[in-house]
Amino acid sequence: MVTVTSEPANPTLDTDTHHMAVALLPGRTVLPAARWGAARPDQVQAADYVVIVGAKPPVFEGRLLLERQEGTVWRRGP
Amino acid sequence: MRGGGLWLVFTVLPAVIGAPLLSHPTYGRYGFLGRTALSAGVGAVVLSLVMTAAALVPVPWGLAWLAGVSLVLTFLLRSLLGQEAEGPRPTGSGARAIVLGAVAVSTGAVGAALFATYAGATASTDLFHFWGPKAEAFAAARSIDAEFLRAPWHDHLHPDYPPLVTNLFAFATLAIGRLPWGTAPYTYPLVLAAFGLALAAILAADRPRADAHAIVALAVTVAVLLGNTFLIGGTGDIYLIFYAICAVAILSGPDAGRGSRLLLSGLLLSGAASAKVEGLVFAGATAGLFLLVAPRSRSLRAAVLLLWPTALSLAAWLAYGWTRQLFRFYVGYGSFAKLYPENLTLILRTIGSEFFAAAWGLPFLVPLAVLLLARKSPRMLLPVGLAAILSAFYLFTYLHANVLVRDWVTWSAGRIFTPVAILFAVAPLAREDPAGF
């Protein structure tokens, strides 16, 4: 399960990136970080992988898998 | 575009499926290119119906058996056709220079759509938000994936949306093993070219050739101006235009009352109804208006020939939705009677500003000017009445919105009103049965 969110947090952007992720991550269960502009932190918490568009978050509980100028990819857990 | 070319080939493979029907001698006047384009359209309707029925049963999709069963069905459709007397020949072929000029304009317009797509300037975000993900998921599941549609975070995919385009894309995706996102927008110039060929064949079969090609040039140019502007690459919009306008072109001609023409129109209307939600309104209104403006063709048989393919495809789709407890009818835009009439002024103002921004209204005004100058025929009530009904339906749909109204209209109005402009474009060639009403 994967979710796409943003840093700094932007629920409007997260709504669109969720839709794009459904298209571009076939075979994955893509959870919404926001639905129609409303943040869904419960869904973000349920994801195993988190794609963050934008700056690298100062604190994140998980393992950094990829870092690029556009954003970072994290795996939750130890 | 690696493998994408093959994917595109599979989206037009239904031309083989539809060939048994369109190769019947009664369609001989449409010529090879016109028959091929119409075969692709009819074949896609039959293939989509078989795919939906297979999902309903359920039987996993397979390329060979889907194509085989669809082919058998079009052979059965062909067996419905008997010998027919030749329809009326068009009077006056017109100037060859006009035909050549019009064909050059149509070809140039399709080239413009192709180049714009190559430049990445026509790809719709709806391809990525809606049409593509469904096709991809369905191909992976080898069926219409109810669980994928049921997920609450997939509601932006409109689970109730009719299945022809996603079925067709899924069929091609099954063939090459992936959905080529960069290639999918090329369905726009491809179907546009098929539309031009089919429309030219239909109009030139029973109307003066020069007039027919001039009107095709106008219709294709309008489709390209609006299609390029409002980004319809990879969506169902060009499929709706193909099916809806070709059906109206047949039914607004002097040859419309023949059984073969009614059957073909009925199949095309089914394609319209299966391509987009508004296609169902269009199919019902077309059948009703045709029976109104063509009294000599008014019969139960005509009504059945026009409507049974739509009824069958709709029944299969709704049965799927009911049995999977996904939907009972089209509900994507809210409850039928829940309207916000206080937004009417805002909606009309936004539509107006869209049409008059950067001269986007011209593709509507030029066909209207041609229509006003054309010889009048009572049969014109069919395309013009349909334009009015479709416009009223869009307005009615917009009245269901209470949030982001302006954004919704701005994003969609130019695109969804495109068939209205093309209906105006083809209306000047409406001709009644020469035997009279």
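In the predicted model, helix α14(B) is followed by Q325(B), a residue with a positive phi near 55°. The helix itself covers residues 300-323 of chain B and bends by about 40° at L307(B). A proline, P309(B), follows the bend position within four residues. Both L307(B) and P309(B) are among the buried residues of α14(B). The other buried positions of this helix are A302(B), L305(B), L306(B), T310(B), S313(B), A316(B), W317(B), Y320(B) and G321(B). The packing partners of these buried residues are three helices of chain B, namely α3 (31-56), α12 (259-275) and α13 (277-293).

A second site in chain B was examined at A198(B), which lies in helix α9, residues 187-206. This alanine has 29 C-beta neighbours inside 10 Å and therefore counts as buried, the threshold being 20 or more. When neighbours within four places in sequence are left aside, the contacts of A198(B) are G34(B), A37(B), L38(B), G41(B) and C246(B). The C-alpha atoms of A198(B) and G5(B) are 22 Å apart, with a sequence separation of 193 residues.

Chain A contains 2 helices and 7 strands. Read from the N terminus, its elements follow the order β-α-β-β-β-α-β-β-β. The radius of gyration of chain A is 11 Å, close to the 12 Å given by the globule rule for 78 residues, so the chain is as compact as a globular protein of that length. The C-alpha trace of chain A extends over about 30 × 25 × 25 Å along its principal axes. Of the 78 residues in chain A, 28% are buried. Considering contacts in chain A between residues at least 6 apart in sequence, 44% connect residues at least 24 apart.

Strands of a sheet pair through backbone hydrogen bonds, in either a parallel or an antiparallel manner. In chain A, 5 strands make up an open sheet with mixed pairing, in the order β2-β1-β5-β7-β6. Strands β2 and β6 (62-68) of chain A are the edges, each pairing on one side only. With direction ignored, neighbouring strands of this sheet are turned by 25° against each other on average. Within the sheet, strand β5 (residues 49-54) and strand β7 (residues 71-76) of chain A run antiparallel and are joined by 5 bridges. V50(A) has W74(A), in β7(A), as its bridge partner. Helix α1(A) packs on the sheet, where it touches β1 (2-7), β2 and β5 of chain A. The direction of α1(A) makes about 145° with that of β1(A).

Between the two chains, 9 residues of chain A are in contact with 9 residues of chain B. On the chain A side, the elements that supply two or more residues are α1 (11-24) and β2 (30-32). Helix α1(A) provides the largest share of this side, 4 residues. By residue class, the side of chain A that touches chain B comprises 6 nonpolar, 2 polar and 1 charged. Helix α1(A) thus appears in both descriptions, packing on the sheet of chain A and contributing residues to the side that touches chain B. Strand β2(A) likewise is an edge strand of the sheet and one of the elements giving two or more residues to that side.

How values were computed: Residues numbered from 1 in each chain as written. Chains lettered and ligands numbered in written order. Predicted model: local features only at pLDDT ≥ 70, side-chain atom pairs only at ≥ 80, totals over all residues. Rg over C-alpha atoms; globule rule 2.2 N^0.38 Å. Buried ≥ 20, exposed ≤ 12 C-beta atoms within 10 Å, placed from the backbone. Contact = placed C-beta atoms within 7 Å. Bend = angle between axes of the 7 residues up to and from the residue. Nonpolar A, V, L, I, M, F, W, Y, C, P; charged D, E, K, R; others polar. Pairing = 2+ DSSP bridges. Axes fitted to C-alpha atoms, helices over the stretch in contact; angles between N-to-C directions.
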